[in-house]
Every structure is written in structure tokens, then in C-alpha cells.
2 protein chains.
Amino acid sequence: MRQNGKISSEKQETFLPKLICASSDESADILYASGFHAPDEFLYFETEQRRGIVVSPLEYSRACAEAKEGVEVIDRSALMRECGTDRPFLPFFSRRLGVPRWCVPERFPLKTAIELSDAGIEVICVKAPFFPARECKTREEIAAIAKSVRATEEMMRLLHAMLAESKVNAQGCLELAGRVVTCERLRAEIEGNFKRMGYTASRTIIACGVQSAAPHNIGSGPVRAGEVLVADIFPRSDATGYWGDMTRTFLKGRAPKHVLRAYRAVRKASETALGMIRAGVAASEVHIAAAKTMEELGFRTGRKRGGMPCGFIHGLGHGVGLEIHEGPRVSPLNTRPLRRGNVVSVEPGLYDPDWGGIRLEDLVAVTGTGCRNFNTMEKELEIP
Amino acid sequence: MRQNGKISSEKQETFLPKLICASSDESADILYASGFHAPDEFLYFETEQRRGIVVSPLEYSRACAEAKEGVEVIDRSALMRECGTDRPFLPFFSRRLGVPRWCVPERFPLKTAIELSDAGIEVICVKAPFFPARECKTREEIAAIAKSVRATEEMMRLLHAMLAESKVNAQGCLELAGRVVTCERLRAEIEGNFKRMGYTASRTIIACGVQSAAPHNIGSGPVRAGEVLVADIFPRSDATGYWGDMTRTFLKGRAPKHVLRAYRAVRKASETALGMIRAGVAASEVHIAAAKTMEELGFRTGRKRGGMPCGFIHGLGHGVGLEIHEGPRVSPLNTRPLRRGNVVSVEPGLYDPDWGGIRLEDLVAVTGTGCRNFNTMEKELEIP
């Protein structure tokens, strides 16, 4: 009788072979481990003796040129020929490697797990993060992120310049070069320029007025003077895969008093958080301190009429690297201490369905004594 | 004793509830079923009575506005509060829906499958396609794809114009506006313009000379006169999620005889394939006919020195829709008949490590009597 392999989720104790099956668009882990960018699914394996990837014959020569040092490249078609094309080759390949059990990530495809298990190979689903080392960036990774942030700031300054050059028309809308300025036009300008610089940005948030009260609303329609405009820009480098992430809030003309008060509270929360980040401080403490700063300035978090959330309605920050959202989270739920090399966003915000939102986001690397802020751009609300 | 739910892969016979757990970037199925674009993971469920999505509170209002008619939107945080945040809410939610077993797609995350199974809920991994209807496009889907192809052709014509306007310098390289024309520059120009038009294109293939012998080499460095340039352009509409996909091969100046012969063979294969596509014809037959056309013109498929693949080294085409590569494949392995509403690429090619590749790709919709070619651009190699 064939003995089926167990499928389970448990903690790994000693070294266990690792397996990932994904495209590098889906899985930052496979990109991190292999160094190979590919839009189609491929395989990464790691045993005590060997590390490698199994790729389609169409990708073979490119993979040889691009994969990290120490990563073998194997042509899938050759393996499949040896295994026989009518059955899954992964159990065959596992046996050849002498692997009776694989550790796989949380998002490992169920079908492949069943194929392995049916062939008597154990599959252990490892609790994220799959590569805990990814949360602490190396010098090279920090350099790549710093570069992505520089590109992000360049586009944020371009946006600022476009808003500064705009005139306000009789309807209170912004106009530039004789055309009304819309969120769509600003987004297209920014994303188009990014492509020319070797970055891909999508769903860039350029939200104005009440739209910006929903942090994920990307924004649409004309930009009006006297209303907030939240710009959250997060491009990914086509070359390195590392993201930038930055938010500023602007307002053309003079801001109403209640908006200015909220802006100052958010900026103060940002300063509080940036001032206390260093290796050893619990991530949750930083969030709580930022929240408290805004509360003490009169901004409570809760719900308004119709149940709309209001106040500081999201976590203070998140890790950024090969994923735009990765560990460590900076939220009340993550009580673990920050570590040297963590790269996290610091993005306090205040939201009110009556007029919109304010968010200010910098990206920092945690050091032993504080943090290195990748951002240099000032935080000023009003644009004359 | 707790009875664990079975995890298995079997064919579905009668109606069974469906479950997907993915972001719309990872899963075209969840986008297809829900109509909701979201970069972060959410949940889609379908029972005999109900269809809906479960989204984060940050996405709730946007999801209500954007989800397809008939798709309920549920706030995950509300569910989690009821369930208790310390345990997975999906088993709780399944029980509330009265669902003892879910059908899930091949790439369903293993961790979630284990959570369900551990709670006694059966998980059945369905062989792809998860929604077979996706392979036959509706009138609205065809209109969306036609629009993406129009945008693609616009950029292909821009590329053609840039090559036409270029001068050849003393080193045999192309120059435009006083600067050497590189693959990177052409790619950046195309991808930047796409962003302004509301499309996202990445890894656009602009490969010249021997680079183009590897179909997935995206190309780099200066463009030289007298060498082939393969341009494979595939943008995705930010608004609809539907892709365009198109390839042309150009050569600045006069083409060597062997290249011209190969070009004509590929064009002939394209005509052969386009002439026989209609509902009812086996996909494999179309591939085989195209391959035979090129073989009869003297182009055999095999390997050259060093094992480099040579000739017609890939399938003739693939389905295009919410995924750039989806069913039905047009390859020798897919003997199923094409069906009305299939949208497939027709992309014969010839590759030779000695000088590069030729590929010509149109996108067509299969009809009862033939096919509708979305492309209108001529197929001419030489650019004076």
C-alpha cells in the first residue's frame, strides 16, 4: 500500500529542505532566494547540499545569467523527459535529491502539495516569514531601497511643482497648461515618468477632498483648491525589485483651520515616531506613541455617522523591501522589538469623512541608535 | 475526537461551493468572479444561494462601489470580531454559510487549506480551469480586449516611426535626436506612454540581433542596422484588467537573404494558421499546420551546436484575457477543439542562435466561421 505523505503546518526546528513554487511576481521569497525575475511559475529548492531553480527551457539561458551565485539552474524539460511527461515530475525530482519532506511557504499551491503528498513526500507548511532574514536588510538591499526612495522623491517634487504652477479657475479647480488638473492626469504623469526611469508604479494614490478619507481610494476627477490632496507614491525598481514608498499631503491655497490642526497633529506624530525608532524598541510602542500624540492634540479614533471610520484608522507602518507590505508591521499587534536593518514606513494619518485625510509617510532603516530616514523632502501642507 | 476534513483533488460533478483566497494581481479568477481589483489578498465565495467577497475594512467602501452586480461585500473585521481574533475566521465563516466542503483552485494557499481541513471542512482542489467559462469571452470582454489591442498597435506604430526616423551612424548603430537608440530607451518610451494611456506594460521585449534567438530575452544595448529587432508588446489595461499582446519583427536597412527567407516563412505560417482557425478545429491542428508550413519552406526545429534550440521552439499561441497566458493553449498538446469566443494569440516564430529570431503575433477571437483578427498592422520586415 502506498503511504501518503503528511500535510501539516508545524514549526521547523532543525534544518529542513525548502521548496517554493511560484513566479517572482507572486513570491518575493523566490526572488530573494534565487535572484531570478520571471513572470511564469518556476521552482526553488534548498537542501543541506544544494540550492537551485528549475525553469522552463525558454528561460534557461537567462536564468543562468541572472541567478544568484551558488544557485544551480536546471532545465525543466530535461527533468520531465527523464521522469515521463504523463506524471508530475516534482515527486521524481524530490526522490532524486533524496528529500523525504519539504518545508513550503504559507501560499504554496495546494495542487502541488497534494501531488507531493500523494507520492509519499511530506509537506510542512511553515508559518511566515519563510526567510526571516528578509526582515533585516543587508547593506546592498538598503542601497537598493534608498535608490527607489530617491526616485520616489523626484516624482513627489514633480507633483509639488505641477501643483505650484497650476492656476485656480473660476470654479475653484486647478488648471495647468490650459487644462483642468485631474487626479488621473497627475497619476498618469507620475507613472509615465517612472517607467522612463526604470520603475513600475500602479494604483498611485492621488486622492483629493473627501476621497482621501478612505486610505485606499486612489482618487479621481478634478483637483480643487482649498481641499486636501493625498499623494501616496510607491514604485518598484524593474532592475532590483525593491520598492520605494512615500506619502505627502498637499493643499493648493489656504487651508481651513481644522485641516491645518489635523496636519500639524500628524506631523507631530511622525516626529514622535521617528524620534523613538531604534533597534530594541517594540514596534507596538512606536504605534501607540504616535496614536497618543494625535489623541492628546484632540484627535480621537472611532466611527462617525453611518459607521464611517474616523481618526487614525490604520497601523503606523509596515516593512518594505521586495514586497511593498512585508514584516515587520508597526502596529499595536506586533509587540516584537524592531531590529537593526529593518526597513519600515512611518505613516501616521488622520481621516475624517467630512473633509478627507492627512497622511505623511517616510521610509526609514532601523539602526542600533535610531534610524536612517531615506526621505529628505519637507512636510508642508499649503502650496501657494 | 475532532474529525479532520479531507484534502483531495477530484473532479467536481454536481454544484459545489467555490472559494478563492488571493489578490486580484495573483488570481485572474478572483477578478473575473468578483469584478474587484485589489492588491491585497481577499476572499471570494460562491454557494448555491450566495456569492460574495470578504475584504479588509480599508477596502470595504471601494469594494461596494466596484464589485460586480450580485456580489455581496462583507467587512472582514466585522466577521473577525464575531469569530474571535485569535483563531482563523474561515472555518467559522464556512459553518455560518452552512458549507461542509469547498472547491478551491490549484493555487489555493496551502496554509488556508490546512486551517479548513483541521476544522473538519473538506477542501477539494479543482483541476484548472477553475471557471471554464473564462475561456469563452463575452461581447464585453471582447470589446475590452479589442481596446487593449488598439493601444498596443498604437505603440507598435510609434516604435516603427522611431526606427524609421533613426539614422545609422558610422558604427552601424541607430541614432535618434542625436543619441544612440538602445533597447532600453525604446522600451522606456513605449512603457512610459502606456502608463499615460492607462495601461501597464513591463518586460516589453525589444530584443535585437542574436538576443532575439531566446524568445524571453527582453533585450539590451544599442540597436544595429541590418539586424533583426523583435518587439513583443503586451500591456494590461489598468481599468479593465484585460491584456493586449502583439509581436512584430523589424530590421533597419536591407535584410540579409537568410533572414528574409525566415521572415517570409513565418509570415506564411501566420497566414496558414489565421486561415484555418474557426470553432471546432483542434488547437493542435493549427499549431501543426503552422509548423509544417515552415518546415516545408526549409526550417526544421532542433538543436544547434552547444544544444541551443533552433527553429519553431514554442507553441503557436495561447489564450489571452485577464491573464496574459491562459487557456486555450494552441500547441501540439492541446487536442481540444477551439470554441467560439476563445481569444488566442497566433505567433509563429523561427529562432537561430547565429542571427536571432523572427516572431509575428496577432490576437484573434474565434468565431463560428473563422476568426476576427484584432490586429490591423501590416507585417513588413524592412524599415528604410
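Before anything else, a word on terms: when I speak of a strand, I mean a DSSP run of E of at least two residues, numbered from the N terminus, and helices are numbered in the same manner, as runs of H or I with at least four residues. Please also keep in mind throughout that this is a predicted model.

With that term in hand, let me start at strand E19 of chain B, residues 326-330, where Pro328(B) is found. The peptide bond that joins Gly327(B) to Pro328(B) is cis, with omega at about -5 degrees. Chain A offers a cis bond as well, from Ala128(A) to Pro129(A), with omega near 0 degrees, and there Pro129(A) sits in the loop between strand E7 (122-125) and helix H6 of chain A. These bonds deserve a mention because most peptide bonds are trans.

Let me now step back to the layout of chain A, which is divided into domain 1, covering 7-130, and domain 2, covering 135-383. Taken over C-alpha atoms, the centres of these two domains of chain A are separated by 37 Å. Where they meet, 5 residues of domain 1 of chain A are in contact with 6 residues of domain 2 of chain A, and on the domain 1 side those residues divide into 4 nonpolar, 1 polar and no charged.

Within chain A, I would like to draw your attention to helix H4, residues 89-97, in which Phe89(A), Leu90(A), Phe93(A) and Ser94(A) are buried. Which face do they take up? Seen down the axis of H4(A), the buried residues fall within an arc of 140 degrees, so they line one face of the helix. The general background is that an α-helix has 3.6 residues a turn, so residues three or four places apart point the same way. Among what covers the buried residues of H4(A) are helix H3 (76-83), strand E6 (101-104) and helix H5 (110-118) of chain A. After H4(A) comes Gly98(A), whose phi is positive, near 75 degrees.

Turning to the sheet of chain A, we find 4 strands in the order E12-E13-E15-E25, forming an open sheet with mixed pairing. Strand E12 (205-208) and strand E25 (382-383) of chain A stand at the edges, and since each has a single partner strand, one side of each is left without a neighbour in the sheet. Further in, strands E13 (228-233) and E15 (246-252) of chain A run antiparallel and are joined by 6 bridges, with Ala231(A) having Arg248(A) as its bridge partner in E15(A). Helix H6 of chain A, residues 139-165, packs on this sheet and touches E13, E15 and E25 of chain A, its direction making about 5 degrees with that of E15(A).

In the loop between strand E11 (199-200) and E12 of chain A lies Arg203(A), which has a positive phi of about 55 degrees although it is not a glycine. Is Arg203(A) buried, exposed or partly exposed? With 16 C-beta neighbours inside 10 Å, Arg203(A) counts as partly exposed.

Finally, let us consider how the chains meet: 35 residues of chain B are in contact with 35 residues of chain A. Helices H2 (60-66), H5 (110-118) and H7 (183-197) of chain B are the elements that give two or more residues to the side of chain B that touches chain A, and the largest share, 6 residues, comes from H7(B). By class, that side of chain B has 15 nonpolar, 9 polar and 11 charged residues.

Notes: Residues are numbered from 1 along each chain as its sequence is written. Chains are lettered from A and ligands numbered from 1 in the order in which they are written. This is a predicted model: local features need pLDDT of at least 70, side-chain atom pairs count only at pLDDT 80 or more; totals for chains, interfaces and linings use all residues. Domain bounds come from an automatic or database domain assignment. Two residues are in contact if their C-beta atoms, placed from the backbone, lie within 7 Å. Ala, Val, Leu, Ile, Met, Phe, Trp, Tyr, Cys and Pro count as nonpolar, Asp, Glu, Lys and Arg as charged, and the others, Gly among them, as polar. Two strands pair if DSSP finds at least two bridges between them. Axes are lines fitted to C-alpha atoms, for helices over the stretch in contact, and angles run from 0 to 180 degrees between N-to-C directions. A residue is buried if 20 or more other C-beta atoms lie within 10 Å of its own, exposed if 12 or fewer, and partly exposed in between; C-beta atoms are placed from the backbone. The arc is that of the directions from the helix axis to the C-beta atoms.
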